[in-house]
Amino acid sequence: MNTWKLDIATGTGVIVFAIFILVRSLTFPPARGTDFGPALFPRVVAAILLVLGTLVLLQVRRLRARAQSCTTDTTEEEPTTTIAGLRNVAVSIVTIVAYIAVVDRIGFIPTTLVFLFVLMKTYGLTAIKGAIASCFITGFVFVLFSLLLRVVLP
Amino acid sequence: MIADVIASIARVEVLLPWLLGMLLGVFVGAIPGLTATMATAILVPITYYLPPMGGLAMILGCACVAIFAGDIPATYLRVPGTPSSGAAVLDGYEMTKRGKASLALSLDVVCSSLGGLVGFTLLILGATALAAVALKFSFYEFLWVSTFGLATCVVISRGTMVKGAIAVSIGLFVSTIGVDIVTGYPRFTFGNVHLLSGVSFIPAMIGLFGIPVVLRTIMTPRHLDLPSVEEKKRFSIADVLPTVYRFRGLILRSSVMGTFIGSLPGAGADIAAWVAYGMAKRNSREPERFGTGIEEGVIAPTSANNAGVAGAWIPALALGIPGDSITAIILGASMIYGLRPGPLMFVGASGELVRGLFAIGIITQIMLIPVGLLAIRAFGKVFKLPNSIIMPMILLFCIVGSYALNFSMFDVGAMFLFGLLGFYMERNGIPLPPLVLAIILGPLIERNLRLGLMQTGGSLLPFFTRPISIVVIVGIALFLSWDKISSLARRLRGTRGSGP
């Protein structure tokens with residue numbers, strides 16, 4: 001996707017976000033005895049975001065005009081995204097979400113063992129190497145955090 | 001007197017805890033999510049079983065080493081171990097990508113050591129005088145110093161200044177989430193109790209820096225068989241000494257700046273590192289090369305952030321006002337041992353502790369080099385494993401590191417969402433460091449702005465008319481417009497030169 005198309009999304013997103021902050025800040029009550037209540041700073045930030053979002057959109061016009069007047073193809077070369085790459089990302093996101101959802105119920109050690117093994121296998125490691133690495137890393141993290149640093153793991 | 005000080009610390013019951021504290025500092029600093037503050041807080045109860053000097057050596061050794069150790073994952077993996085290592089990512093990681101990780105980290109450890117030595121020297125020589133200057137800072141000056149830190153970060157980060165400012169603004173918004181410090185009203189919490197205390201910057205930082213690295217790597221499957229860190233040549237301390245000598249002026253300037261900024265209560269090593277980086281870029285003959293992996297980009301922030309640790313002791317010893325949270329904890333523990341901040345700090349038992357603290361600080365900075373080199377080598381071996389092992393490991397450390405802060409899976413969820421946001425921001429050329437720094441500085445800026453306005457009854461005039469404020473504002477303006485001023489000066493020189 002061209003840079004200017006991404007910038008349109010960014011500029012629009014920033015303006016919408018600024019409006020959301022402004023609207024939400026209208027529900028904040030005024031502070032007693034002072035004009036500088038909880039809504040002041042968010043509104044200042046929202047105003048800055050509105051200006052910045054507008055500037056990004058104005059810059060898009062300039063970038064687009066430059067791209068159209070240029071005779072050579074100036075589209076940036078983007079890294080090729082493969083099906084395998086997208087699969088890796090999808091599996092990773094699902095695995096992370098599942099980990100967060102179940103670790104409290106099942107416990108740190110078994111959940112982490114499965115989490116690491118699934119990811120390593122997805123990324124191309126063999127089952128045996130993945131199993132060994134998962135056990136070692138899980139054990140190391142458990143000893144470091146739980147025993148040495150007294151962090152109470154799930 | 002020096003002999004007495006050396007004798008008081010050259011004992012097994014001091015040296016052993018000191019070494020253990022430094023080793024703990026390496027782990028704590030190098031693992032994102034674990035903070036030096038956390039390690040210090042854990043160590044304090046343990047130190048009550050030790051003689052006073054042993055306890056002081058343990059926690060001070062841990063804190064000093066942790067600040068350097070945060071640069072290790074920042075350089076190897078682009079994930080800062082501590083907030084003050086955010087600036088080290090810019091050039092350190094680029095050097096790693098070019099196969100020069102050991103060069104970056106060897107330079108880092110030497111400059112950190114030198115920066116800390118300068119800082120502790122300034123502490124010993126000028127604590128009282130520097131504290132007097134720090135005392136003149138009030139709401140208005142703190143507001144501008146924090147703004148200067150953010151402005152530096154925006155200007156020096158990659159991408160346009162507009163996008164850098166967007167990152168700052170998003171970070172400032174995130175810092176408003178939670179209970180308002182002045183009125184107690186919950187802002188943008190949507191009824192979620194976990195958001196009442198706000199969004200912690202540790203999970204945000206881990207997510208913003210760690211998750212995009214992983215996602216980018218796994219999107220290209222052929223990278224997964226490659227080692228996470230590849231080195232064509234192993235650099236040693238001897239290789240970096242000529243560079244250190246060549247940039248001795250930069251090291252000294254960054255260290256002095258870091259010491260001064262660290263001495264401002266609440267400012268901290270984070271701002272010190274960014275301001276030093278920004279000033280180095282501004283004064284460099286090749287500013288366009290910053291961010292591509294050059295030595296100056298590593299030297300400036302690493303000297304400054306270690307110097308900032310020493311700087312935090314200046315108001316702590318002279319006035320009893322700690323410069324940062326770590327110093328607050330150590331000061332509290334030291335006062336139980338008998339340390340008395342203020343004019344009586346050199347009297348009696350307090351004097352012995354203060355002198356011991358100076359000696360421990362200086363020697364720790366020297367010991368930082370061998371300890372740091374061991375850590376660099378150890379972590380370097382780990383990161384030579386293929387990405388198919390390292391990437392899941394990074395994800396696990398991101399998760400556990402975020403969890404360890406408050407023992408809450410909510411923080412882990414927040415970390416992950418920030419990670420996805422960071423991935424989107426990277427794809428759109430919006431820099432990440434300004435967002436993290438804004439989350440850290442946002443509460444400081446808002447508090448000083450509102451309290452200042454309450455004090456003045458709504459008038460903005462004192463924000464712009466106090467002497468120190470004027471100096472900082474002029475500094476910000478010059479910094480932001482330096483490029484235009486330089487090109488105007490060059491054009492004028494060219495016009496004069498082409499005259500008859």
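# Legends to close-up views of a predicted two-chain model

**View 1. The contact between chain A and chain B in the predicted model.** The contact draws 51 residues from chain A and 43 residues from chain B. On the side of chain A that touches chain B, the elements giving two or more residues are α1 (3-25), α2 (40-69), α3 (83-106), α4 (108-122) and α5 (127-148) of chain A. Of these, α2(A) gives the most, with 10 residues. By type, the residues on this side of chain A divide into 36 nonpolar, 11 polar and four charged.

**View 2. Helix α3(A) beside helix α19(B).** Two packed helices are described by the angle between their axes and the distance between the axes. For α3(A) and α19 (residues 409-427) of chain B, the axes come within 10 Å and cross at roughly 175 degrees. Angles over 145 degrees count as roughly antiparallel, and α3(A) and α19(B) are therefore roughly antiparallel to each other. From α3(A), the contact is made by I96(A), I100(A) and D104(A). From α19(B), M409(B), V412(B), G413(B) and F416(B) take part. The residues of this contact divide into five nonpolar, one polar and one charged.

**View 3. Chain A and its two domains.** The secondary structure of chain A consists of five helices and zero strands, and along the sequence the pattern reads α-α-α-α-α. Chain A is divided into domain 1, residues 3-69, and domain 2, residues 83-148. The C-alpha centres of these two domains of chain A lie 39 Å apart. Chain A has 154 residues, and buried residues make up 27% of them. Where contacts in chain A join residues at least 6 apart in sequence, 58% of them join residues at least 24 apart.

**View 4. The fold of chain B.** Chain B has 23 helices and two strands. The radius of gyration of chain B is 22 Å, close to the 23 Å that the globule rule gives for 500 residues, so chain B is as compact as a globular protein of that length. Taken along the principal axes, the box filled by the C-alpha atoms of chain B is roughly 70 × 65 × 60 Å. Of the 500 residues in chain B, 58% count as buried. Among contacts in chain B between residues at least 6 apart in sequence, 78% join residues at least 24 apart.

**View 5. S334(B) in helix α16 of chain B.** Helix α16 of chain B covers residues 325-337 and holds S334(B). Is S334(B) buried or exposed? A residue is buried if 20 or more other C-beta atoms lie within 10 Å of its own. S334(B) has 26 C-beta neighbours inside 10 Å, so S334(B) counts as buried. Leaving aside neighbours within four places in sequence, S334(B) is in contact with L56(B), L339(B) and L353(B). S334(B) and V44(B) are 290 residues apart in sequence, while their C-alpha atoms are 9.8 Å apart in space.

**View 6. T82(B) in a loop of chain B.** The loop that holds T82(B) runs between α5 (71-77) and α6 (86-97) of chain B. T82(B) has 30 C-beta neighbours inside 10 Å and therefore counts as buried. Not counting residues up to four places away in sequence, T82(B) touches G29(B), T35(B), A36(B), A66(B), I67(B) and G70(B). From C-alpha to C-alpha, T82(B) and A30(B) are 7.8 Å apart in space, and they are 52 residues apart in sequence.

**View 7. F190(B) in the loop after β2 of chain B.** F190(B) lies in the loop between β2 (186-187) and α10 (201-218) of chain B. Although F190(B) is not a glycine, phi is positive there, at about 50 degrees. A residue is exposed if 12 or fewer other C-beta atoms lie within 10 Å of its own. F190(B) has 8 other C-beta atoms within 10 Å, so F190(B) is exposed.

**View 8. F407(B) in the loop before α19 of chain B.** F407(B) lies in the loop between α18 (387-406) and α19 of chain B. Phi of F407(B) is near 55 degrees, which is a positive value in a residue other than glycine. With 11 other C-beta atoms within 10 Å, F407(B) is exposed. The helix that follows this loop, α19 of chain B, is the one whose axis comes within 10 Å of the axis of α3(A).

Terms used:
Residues are numbered from 1 along each chain as its sequence is written. Chains are lettered from A and ligands numbered from 1 in the order in which they are written. This is a predicted model: local features need pLDDT of at least 70, side-chain atom pairs count only at pLDDT 80 or more; totals for chains, interfaces and linings use all residues. Helices (H or I, at least four residues) and strands (E, at least two) are DSSP runs, numbered from the N terminus. The radius of gyration is taken over C-alpha atoms; the globule rule is 2.2 Å times the number of residues to the power 0.38. Two residues are in contact if their C-beta atoms, placed from the backbone, lie within 7 Å. Ala, Val, Leu, Ile, Met, Phe, Trp, Tyr, Cys and Pro count as nonpolar, Asp, Glu, Lys and Arg as charged, and the others, Gly among them, as polar. Axes are lines fitted to C-alpha atoms, for helices over the stretch in contact, and angles run from 0 to 180 degrees between N-to-C directions. Angles under 35 degrees count as roughly parallel, over 145 as roughly antiparallel, 65 to 115 as roughly perpendicular and the rest as oblique. Domain bounds come from an automatic or database domain assignment.
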